[in-house]
Amino acid sequence: MPRTRIEGLLASFPKLMVPGQQHTTIETETIRYVYQPIGEDMYAVLITSRQNNIVQDMDTLHLIARAVADICDVNDQQGVILRGFDILTAFEEIISQGSRDKIDLAKLRTIMEMESHEEKIQDIIDRNKEREAKQELKRKAKMFEEQRRLATKHGLAEPSLGGIGSGSVGSILGGGRMGGSYEPLLSREPETIRSFASASPAPMSSPSFASNARGMKLGRKPKGADVMGAMRNEIDLSQNIAEQLTISEQTHGYGSSVAAPVTAAVAAPTMALADMKAVHVQIEEHITAIVNRDGGLEQMEVKGDLSLIVTDEACSVVQVGVTTNDSHNAQIKTHPKIDKKKFQSNSVISLKDASGSFPLSQPIGVLKWRIVSTNEDDIPLTINCWPSPNGNGAVDVNIEYELNDTRLELDNVIVSIPIPHGAQPSVSDVDGVYDVNRTRGTLDWEIQTIDDSNKNGSLDFSIPGNDAGAFFPVVVSFVCKRPYYDIAVTSVTTPDGQGVDFSQLVSLVPDQYAVI
């Protein structure tokens with residue numbers, strides 16, 4: 001319907017109204033006006049066709065009127081105009097493409113508030129970073145003040161922009177005053193600064209006061225360069241510390257989305273070089289599982305690969321035998337240089353070219369697989385979160401876990417539940433241990449091992465508040481030394497069938513594992 005048509009219908013509405021009429025509908029040949037007073041000299045008007053269900057139209061009109069009254073004061077026309085954008089947004093949520101959406105006033109309020117847990121977390125992280133930056137500036141200011149105090153104590157003039165007679169600028173640039181010596185102001189560091197700088201990975205020079213007079217020397221390294229080098233080392237050290245802090249924050253599951261890729265990178269098990277054999281097999285899987293709070297599976301994907309690292313030239317031509325039990329309809333791909341037909345018929349990974357060999361001391365992926373599922377039973381670990389307001393100004397929360405795939409053994413499991421800022425949870429029952437992380441605003445439930453003998457557990461706590469949605473998303477991290485895709489390396493042999501001793505490392509880590 002063009003805009004001019006809508007404007008014409010609205011302009012006709014006041015003319016069609018009959019003063020003193022008790023009805024709230026007006027019908028023309030093709031159009032029905034359904035209206036309701038919502039304030040002084042203001043009406044909520046719904047324009048529909050005459051074929052529409054009048055009962056549904058009245059219900060839609062009542063919701064619109066309640067939404068407008070909920071957003072602003074309907075007795076103040078200026079206030080209605082100022083909140084016009086919010087009112088239009090509410091109308092779009094109620095009516096979409098000419099049809100009424102299944103929505104009530106409570107759900108409409110939730111949508112209009114547009115609260116995002118991820119946004120709250122990001123705001124907390126930004127505030128913490130800003131506070132740390134201010135503290136760092138204060139520390140630097142205190143450091144320079146201490147340097148000035150020491151310079152004054154030892155009778156050194158502060159750097160200035162005076163003439164040559166002051167001697168300051170010339171000394172800092174590397175020259176010296178005749179008949180005496182002068183060290184740069186920053187070369188005399190307090191003990192605390194020297195101890196901080198000594199932690200830098202780069203070497204630092206610590207020049208001291210010269211005892212003998214010196215004149216200007218050509219080719220001599222300016223002492224100002226030592227000072228700038230020391231400051232640069234301090235800056236590099238500060239950047240390294242900041243990077244470690246950033247990695248630490250991401251490790252606990254906070255970033256742009258519900259994701260925890262850094263957690264996976266940190267938590268993945270590693271093997272010492274001394275324990276690696278001439279042929280090393282590595283199986284690595286990354287799982288993404290997003291479940292809604294009602295238990296429905298939103299997304300699940302498992303990506304895995306099998307890599308070989310050969311460190312002995314005598315073993316550069318080997319064949320790897322594997323066994324698989326594909327119960328998840330995995331999509332499998334082999335490296336272009338691997339004999340695909342031989343793998344499909346005999347489950348043997350070998351080079352297609354008999355005269356070729358594997359590269360030495362370089363990991364090469366020979367097999368990849370991908371599993372996508374929409375079946376809730378395929379989730380290896382199910383997390384259920386049940387927050388319930390108890391009517392006494394608090395929320396009772398019950399968290400349960402269940403291991404669905406009993407083949408797996410999950411270690412270092414951490415279930416992070418968001419909690420209201422500043423609130424103190426009261427834990428009544430827990431399988432494992434818990435910790436309240438004030439920095440990230442989460443209650444971290446830690447289970448050392450989840451396996452077939454410990455496949456169920458729960459955590460119950462109560463916390464002040466009344467918003468049941470404040471406890472999502474629930475983020476899970478763990479480490480597993482067995483793959484989700486049931487694959488195992490049975491043997492490594494030479495082309496003539498001789499067995500080769502090999503080492504193996506298997507890891508399954510979550511990229512994203514959350515209940516939203």
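Colleague: I'd like to start with the cysteines. How many disulfides does the count come to?
Modeller: The idea is to look for a pair of cysteine sulfur atoms within 2.5 Å. In this predicted model, the count by that rule comes to 0 disulfides.

Colleague: Then where do C72 and C480 sit, buried or exposed?
Modeller: Buried means under 20% relative accessible area. C72 has 11% relative accessibility, so it counts as buried. C480 is at 0%, so it counts as buried too.

Colleague: Let me step back to the protein overall. What does its secondary structure come to?
Modeller: You'll find 11 helices and 21 strands. The chain has 516 residues, and 36% of them count as buried. The accessible surface is about 29900 Å², with 51% of that belonging to carbon and sulfur atoms.

Colleague: And how do I read contacts along the sequence? What share joins residues at least 24 apart?
Modeller: Take the contacts between residues at least 6 apart in sequence: 68% of these join residues at least 24 apart.

Colleague: Now a strand. Why is β6 described as largely enclosed?
Modeller: Count its buried residues. Strand β6 covers residues 279-291, and 10 of its 13 residues are buried, so the rest of the structure largely encloses it.

Colleague: Which strands does β6 pair with?
Modeller: Strand β7 (residues 297-310) runs antiparallel to β6, joined by 13 bridges. Strand β21 (residues 502-515) runs parallel to β6, again through 13 bridges. You can follow this at H280: I309 stands opposite in β7, while S503 is the bridge partner in β21.

Colleague: What links β6 and β7?
Modeller: They form a hairpin, with 5 residues between the two strands. In the turn, look for G295, which has a positive phi of about 100°.

Colleague: How about side chains in a strand, generally? Where do they point?
Modeller: In a regular strand they alternate between the two faces of the sheet.

Colleague: Fine, on to an open sheet. What is the strand order in the one with 3 strands?
Modeller: The order is β10-β8-β20, and the pairing is antiparallel. Its edge strands, β10 (348-349) and β20 (487-493), each pair on one side only. Strand β8 (residues 319-324) meets β20 over 6 bridges, and T324 has I487 in β20 as its bridge partner.

Colleague: Last one, the surface. Which residues form the nonpolar patch?
Modeller: M1, I6 and L10 do, with about 320 Å² of accessible area together. M1 lies in the segment before α1 (3-16). Its relative accessibility is 68%, so M1 counts as exposed.

Terms used:
Residues are numbered from 1 along each chain as its sequence is written. This is a predicted model: local features need pLDDT of at least 70, side-chain atom pairs count only at pLDDT 80 or more; totals for chains, interfaces and linings use all residues. Side-chain values use heavy atoms; hydrogens and water are left out. Patches are made of residues with over 30% relative accessible area and no salt bridge: like charges are joined within 9 Å, nonpolar side chains (Val, Leu, Ile, Met, Phe, Trp, Tyr) within 5 Å. Accessible areas come from the Shrake-Rupley method with a 1.4 Å probe; for residues, only the protein chains shown count as cover. A salt bridge is a side-chain nitrogen of Lys or Arg within 4 Å of a carboxyl oxygen of Asp or Glu. Helices (H or I, at least four residues) and strands (E, at least two) are DSSP runs, numbered from the N terminus. Buried means under 20% relative accessible area, exposed over 50%, partly exposed in between (1.4 Å probe, protein chains only). Two strands pair if DSSP finds at least two bridges between them. Contact means heavy atoms within 4.5 Å.
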